[in-house]
Each structure stands twice: as structure tokens, then as C-alpha cells.
Amino acid sequence: MAEVAKDLTAGTVGGAAQLICGHPFDTIKVKLQSQPAPLPGQLAKYSGAMDAVKQTIAAEGPGGLYKGMGAPLATVAAFNAVLFTVRGQMEAFLRSQPGAPLSVNQQVVCGAGAGVAVSFLACPTELIKCRLQAQSALADSTASAGVVKYSGPMDVAKHVLKSEGGARGLFKGLVPTLAREVPGNAAMFGVYEALKQYFAGGPDTSRLGRGSLIVAGGLAGGSFWISVYPTDVIKSVIQVDDYRNPKYSGSIDAFKKILASEGVKGLYKGFGPAMARSVPANAACFLAYEVTRSSLG
């Protein structure tokens with residue numbers, strides 16, 4: 001239980017660091033992902049990431065970049081606590097003896113297992129976050145005349161519980177969330193361990209400096225999005241889809257329609273902001289986790 005408590009604490013600190021560094025980038029990513037495809041002869045609401053930043057600040061002020069932060073901030077402790085604790089327990093299970101280092105392949109397995117666990121917390125949290133982040137992008141589209149304007153995270157939750165099938169409505173997009181979190185975390189923790197062992201010159205990574213941890217964490221975070229980004233686009237469009245008049249019947253349908261209307265490029269909308277966010281945010285997360293975990297003994 002002592003080890004679990006340490007992972008819970010270190011994971012919470014790491015998650016807070018990740019959120020503070022990365023949320024503005026995430027807001028722009030979701031705005032680009034969720035904006036409707038323009039009609040023939042019309043321009044998209046946002047021409048790119050910088051245009052989305054400028055329009056967001058002009059319309060909502062700098063605070064608009066942090067819209068939707070309440071939901072993940074309220075659950076960041078639980079999310080990262082589950083992620084790092086499940087990973088820690090799987091590490092303990094796979095070790096041949098206490099304290100023995102794990103191979104990269106074993107860390108991939110640990111990451112995949114942690115991804116399964118966090119998906120059930122990530123799905124409702126991200127649904128609320130995406131609804132708040134995307135509503136300004138959707139507000140001006142002709143297809144969104146009935147879009148509900150939310151005043152905050154609790155307002156989104158109340159609306160979904162009341163009008164979208166109760167608690168089940170909060171888990172809309174669970175399948176693509178699992179399809180993102182399981183391979184994404186497998187890749188991230190595998191790359192993180194591989195880079196740490198490379199920098200350390202062997203399996204003992206206990207003496208790595210903070211610079212090495214920052215580089216390993218940043219590149220590991222980038223590997224998450226490189227491996228699963230189209231899945232994240234599908235998750236976002238499903239979670240912001242209109243409940244009463246849905247555009248997509250499911251993940252496969254969303255994939256087909258995006259591919260048909262926008263091509264492969266449509267599956268990578270917002271990829272630039274996602275990568276720009278992922279590297280510093282995950283560098284901060286892993287560094288905060290490692291330093292906190294080390295200080296706890």
C-alpha cells in the first residue's frame with residue numbers, strides 16, 4: 001500500500017504539471033478537430049492553428065485557451081493516479097524480484113494495461129472538455145443551429161445526464177477512447193523506458209539527470225500522438241456530435257465520412273497543436289512524477 005500511495009501522489013503531481021503546460025494547445029487541437037467541413041465555396045472557420053489562437057483570444061480573451069480546464073483539473077488527480085498506479089502494480093507483477101528493472105517490452109505491456117484502466121475515467125472527462133472547447137467552433141456553422149451553449153463543466157454533465165441517456169451518455173466515445181489510450185500508452189511508456197535505458201547505457205536508469213528525463217518524457221509523449229492521432233480525431237467528433245441529429249452512427253462511420261469528405265488530411269486536423277502540446281506537457285509530467293516519486297523514497 002505504501003508503494004501505491006507513492007504512485008498516487010507522484011502521478012497527481014505529474015498530471016497537474018502536464019495540464020498546466022498543455023491545456024491551451026489542447027484547446028486549439030479540439031477546435032480544429034471539431035470545426036465542420038466548409039461548404040463548397042466557403043472558407044473554414046479556422047485556417048490553421050495560429051488563426052485559431054488569434055480568433056480564440058480575440059473572441060474570448062486569453063482565458064478562452066483554458067476553456068474546459070475545470071473538468072480535467074477536477075479529475076487530473078484521479079486520472080494520473082490510476083495511470084501510474086496501475087502501471088506500478090503491473091510492474092510489480094512482472095518483476096522477477098523486487099526492484100529488478102523491466103525490459104522495454106514489459107513496459108509496453110504495463111502501459112497498455114494502464115491505458116485500459118484510465119479509459120473509463122478519460123471518456124466522460126474528455127466528453128465534457130471537448131464540448132466546452134468545441135462549442136465556439138461549432139456555433140457559426142450552418143449545421144449547428146441547435147447547438148447547446150454550456151456555461152461550464154457541471155452544465156455539460158447535467159445536460160448529458162438529463163437529455164442524452166443518463167450516465168451512459170457520459171461514456172459516448174468509449175470505444176475510440178480505448179482505441180487511443182491502450183496503444184497510445186503502450187507506445188509512450190515503451191518509448192520512455194527505451195530512451196531512459198539508452199541514455200543510461202543499460203537497464204539501471206536510477207541515476208539519470210533531469211535533462212535526460214525531460215528529453216525522454218517529451219519524446220515519449222510525442223510517440224503517443226504519432227501512434228494514435230486519427231483515433232483521437234474520431235473520438236472528438238463523436239463526442240461533440242449532436243445527440244438528437246447525429247452525423248455519425250459510430251466510430252467506423254465517422255472514419256469513413258471524414259475520409260470521404262476531407263481525405264486523410266481530415267484525420268490529422270489539429271495534429272500540429274497536439275504535438276506542440278505533447279512534448280513539453282509530457283516532459284513536465286514525467287519529470288514531476290520522477291522527482292516526486294524519488295523524493296518519497
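Select Y229 to begin: this residue is buried, with a relative accessible area of 0%. Buried means under 20% relative accessible area, exposed over 50%, and partly exposed in between, using a 1.4 Å probe and protein chains only. The model is predicted: local features need pLDDT of at least 70, side-chain atom pairs count only at pLDDT 80 or more, and totals for chains, interfaces and linings use all residues. Residues are numbered from 1 along each chain as its sequence is written, and side-chain values use heavy atoms, with hydrogens and water left out.

Next, add W225, which counts as buried at 6% relative accessibility. W225 and Y229 form an edge-to-face aromatic pair, 5.9 Å centre to centre, with 65 degrees between the planes. Rings of Phe, Tyr and Trp (its six-membered ring) pair if their centres lie within 6.5 Å; planes under 30 degrees apart count as stacked, over 60 as edge-to-face and the rest as tilted. W225 and Y229 are 4 residues apart in helix α7, so about one helical turn separates them. Helices (H or I, at least four residues) and strands (E, at least two) are DSSP runs, numbered from the N terminus.

By the ring rule, the count comes to 11 aromatic pairs. Select F84 and Y289 for a stacked one: 4.2 Å centre to centre, 15 degrees between the planes. F84 lies in helix α3 (residues 70–94) and Y289 in helix α9, so this pair ties together parts that are 205 residues apart in sequence. F84 is buried at 2% relative accessibility, and Y289 is buried at 6%. Add F189, Y192 and F286 to see one aromatic cluster with F84 and Y289.

Now turn to charged side chains. The structure holds 17 salt bridges, a salt bridge being a side-chain nitrogen of Lys or Arg within 4 Å of a carboxyl oxygen of Asp or Glu. Select D7 and R293, whose side chains meet in a salt bridge at 3.0 Å, N to O. D7 is in helix α1 (residues 2–34) and R293 in helix α9 (residues 271–295), so the pair ties together parts that are 286 residues apart in sequence. D7 is buried at 5% relative accessible area, and R293 is buried at 17%.

Last, select R180 and D232, which form a salt bridge at 2.7 Å, N to O. R180 sits in helix α6 (residues 174–200) and D232 in helix α7, 52 residues apart. Both R180 and D232 are buried. Extend the selection to D26, K29, E126, K129, E181 and K235: salt bridges that share partners join these residues with R180 and D232 into one network.
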